[in-house]
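Let's take a relaxed walk through a two-chain model. Have a look at it first, and then read on.

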Amino acid sequence: MNCREAAKFLYAFADGELETRDNLHVLEHINMCPECCGKVTIQQQLKGAIAVAFRDEVAPVSLHDRIRSALAAAEDASVGPSRIISLWRPLAAAAVIVLAMVGLWSFQDRTRGPAPIPLANVQFTDASQNARLLATNVYTMHRKCTLAGKDHQDKKLPKDGLAAARVLCKELNYPMLRCGKLDANPDTEFVSASFCGVADCEGALHKGGHLIYTFKSGPMRGRAISMISVTHLTELRNLNKIHMGERDYCIMEPTTASEQDPATVVAFDCPGASHLVCLEADPKATMRFVQDMQPVSAQQAEIGTHPKLLLALTNH
Amino acid sequence: VNHAGLLGQAPVDRDKERRMATDQGRFERVVMPHLDAVYRMARRLSGNEAEAEDLVQETFLRAHKAFEGFELREYGAKPWLLKILHNVFYTRMGKKTRQPILIEDVSFDDFAAELDQPPASELGSSGINWDDFDEELKAAVLGLSEDYREVILLWALEELSYKEIAEVCGCAIGTVMSRLYRARQQLGQRLAEYARQRGLESERFGE
């Protein structure tokens with residue numbers, strides 16, 4: 001690839017929007033070409049500079065009040081009709097559940113693997129005993145590590161999510177899970193990385209790498225998200241799975257989570273490792289992040305010498 | 001090994017009921033935190049504060065009405081609200097809201113065709129002190145046409161992906177890429193002009 005060919009990919013590359021294959025080609029060129037590398041950096045800076053220029057603007061307090069009043073008025077106006085409708089709601093809910101059950105049964109019956117289910121239709125979490133046990137083990141480990149705060153950080157590992165993931169996957173010799181959105185999101189902050197493992201349902205321990213982020217602002221402020229990657233957990237084979245995109249996910253709620261403090265564990269297998277994501281939020285919010293997660297292999301870690309470029313590589 | 005509860009009947013039921021009972025609380029938790037983001041966009045789309053406030057109010061009223069059928073997993077709350085805002089804004093402008101079209105044309109070749117002519121001017125590769133250009137950058141963004149200004153702000157300020165921007169604007173991903181490309185070109189040209197006016201070396205901007 002020469003500069004002219006690279007030019008048409010540079011913006012999308014800088015934005016982390018390229019497919020892996022195109023990304024690798026551009027990356028190869030950029031590693032050799034300081035000029036194109038500089039253009040990528042400038043585009044990333046431009047994005048940041050625009051955000052800085054406009055982000056301080058907030059809605060006036062009077063607008064908050066005005067909208068709440070308008071919403072309350074709209075709510076009052078709809079009380080009449082909605083009461084009538086509400087009589088039918090339980091029936092409608094039951095119908096939806098029956099439909100969902102039919103869908104699930106037929107999805108189990110298939111021998112050639114489940115058909116993709118659109119995300120919008122996924123309504124359940126895995127309630128099997130093994131799923132709950134595994135989810136509770138993962139959540140317990142997650143809580144133990146997050147409560148340790150910055151003390152959880154392993155001294156041998158870099159204090160940066162991306163760099164830590166690279167070292168972890170080299171040390172452990174299997175892929176670690178990365179989510180570019182966590183690094184790019186102004187609401188989240190990397191906290192720590194360490195060598196931690198989880199117990200499976202039989203109580204056997206599996207060593208792995210653990211990356212922790214917290215939300216420092218936004219609706220999930222104060223909550224943590226963590227990714228634990230271990231060698232394949234045979235356990236996952238026996239759990240109920242939902243097929244979305246290219247992967248099968250096990251979505252589970254730990255028994256220790258409550259309605260006030262929800263937590264969800266999502267597990268899935270990728271070549272080389274099983275990945276467990278724990279977010280202190282409901283399944284929907286958790287899946288929003290999990291779907292953006294991509295494993296970083298040792299090979300990709302070798303290629304990415306520039307942190308921003310590796311981010312672009314993994315965040316597609 | 002117990003596989004008896006594999007299908008998890010009970011959670012389906014409970015989850016659904018819980019969701020309905022707490023719709024109001026959910027709206028407060030899921031939608032209201034984005035009021036600032038919606039206001040920022042409305043302010044920069046409309047160009048004036050009073051109109052921005054009207055746009056935000058209408059957006060939230062519509063969102064409230066449609067909230068019951070809203071699925072977080074399908075659509076993040078912020079892109080969903082910004083899409084409503086987009087529609088409210090263009091309806092008010094008297095412009096026909098763009099018909100949603102099938103988002104299939106992700107092809108780079110389509111988009112790349114317009115890149116055959118190398119740009120006359122763009123941000124180069126050398127260092128820029130962005131702090132010096134804060135006001136100019138703001139003015140340059142506000143000087144863009146609505147279409148370009150909207151994608152630039154959705155991209156940089158709200159950090160939406162190309163796919164999310166396409167959904168918000170009801171256009172194809174190729175269109176988003178093309179608008180972003182041209183908008184960035186125009187910003188580059190304007191910043192280069194500002195730099196010239198200030199008597200800085202234009203080489204810094206790769207001209």
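## Helices tucked inside chain B

Nine of the 11 residues in α8(B) are buried, so this helix is largely enclosed by the rest of the structure. Here "buried" means under 20% relative accessible area, "exposed" means over 50%, and "partly exposed" is in between, using a 1.4 Å probe and protein chains only. Helices (H or I, at least four residues) and strands (E, at least two) are DSSP runs, numbered from the N terminus.

Before going further, a word on where this comes from: this is a predicted model, where local features need pLDDT of at least 70 and side-chain atom pairs count only at pLDDT 80 or more, while totals for chains, interfaces and linings use all residues. Residues are numbered from 1 along each chain as its sequence is written, chains are lettered from A and ligands numbered from 1 in the order in which they are written, and side-chain values use heavy atoms, leaving out hydrogens and water.

Back to α8(B). Its buried residues are B:Y148, B:R149, B:E150, B:V151, B:I152, B:L153, B:L154, B:W155 and B:A156. They pack against α3 (34-54) of chain A, and against α3 (35-46), α5, α7 (134-142), α9 and α10 of chain B. Packing here is about contact, meaning heavy atoms within 4.5 Å.

Move along the chain and you reach the loop between α8 and α9 of chain B, where B:E159 lies. B:E159 has a positive phi, near 55 degrees, in a residue other than glycine. Its relative accessibility is 31%, so B:E159 counts as partly exposed.

Next up is helix α9 (residues 162-169) of chain B. Six of its eight residues are buried, so α9(B) too is largely enclosed by the rest of the structure. Those buried residues are B:Y162, B:E164, B:I165, B:A166, B:V168 and B:C169. From chain A, they pack against α1 (3-14), α8 (180-184) and α9 (283-290); from chain B, against α5 (77-92), α8 (146-156) and α10 (173-197). Right after α9(B) comes B:G170, with a positive phi near 60 degrees.

How do α5(B) and α9(B) cross? Their axes come within 8 Å, at an angle of roughly 35 degrees. (Axes are lines fitted to C-alpha atoms, for helices over the stretch in contact, and angles run from 0 to 180 degrees between N-to-C directions.) On the α5(B) side, B:P79, B:L82, B:K83 and B:H86 meet B:E164, B:E167, B:V168 and B:C169 of α9(B).

## The cores

The largest nonpolar core has 77 residues, and those with the most contacts inside it are A:I50, B:V56, B:F60 and B:I152. A nonpolar core is a set of buried Ala, Val, Leu, Ile, Met, Phe, Trp, Tyr and Cys residues joined through side-chain atoms within 4.5 Å. Apart from residues up to four places away in sequence, A:I50 touches B:L137, B:V141, B:I152, B:L153, B:W155, B:A156 and B:L187. There is also a second, separate core of 35 residues, which includes A:L182, A:I225, A:V266 and A:L279.

## Two spots in chain A

A:Q153 sits in the loop between α6 (129-147) and α7 (161-172) of chain A. With 12% relative accessibility, A:Q153 counts as buried. A polar atom of its side chain lies 3.2 Å from the backbone oxygen of A:P158. Setting aside neighbours within four places in sequence, A:Q153 is in contact with A:P158, A:K159, A:F190, A:V191, A:S192 and A:A193.

A:D248 belongs to strand β6 (residues 247-252) of chain A. At 32% relative accessibility, A:D248 counts as partly exposed. Its side chain and that of A:H243 are joined by a polar contact of 2.7 Å. A polar contact is a pair of N or O atoms within 3.5 Å; within protein, one must be able to donate a hydrogen and the other to accept it, and residues adjacent in sequence count only if both atoms are side-chain atoms. A:D248 and A:C270 are 22 residues apart in sequence, with their C-alpha atoms 9.5 Å apart in space.

## The chains in numbers

| Chain | Helices and strands | Buried residues |
|---|---|---|
| Chain A | 11 helices, nine strands | 50% of 316 residues |
| Chain B | 10 helices, zero strands | 51% of 207 residues |

Among contacts between residues at least 6 apart in sequence, 65% in chain A join residues at least 24 apart. For chain B, that share is 70%.
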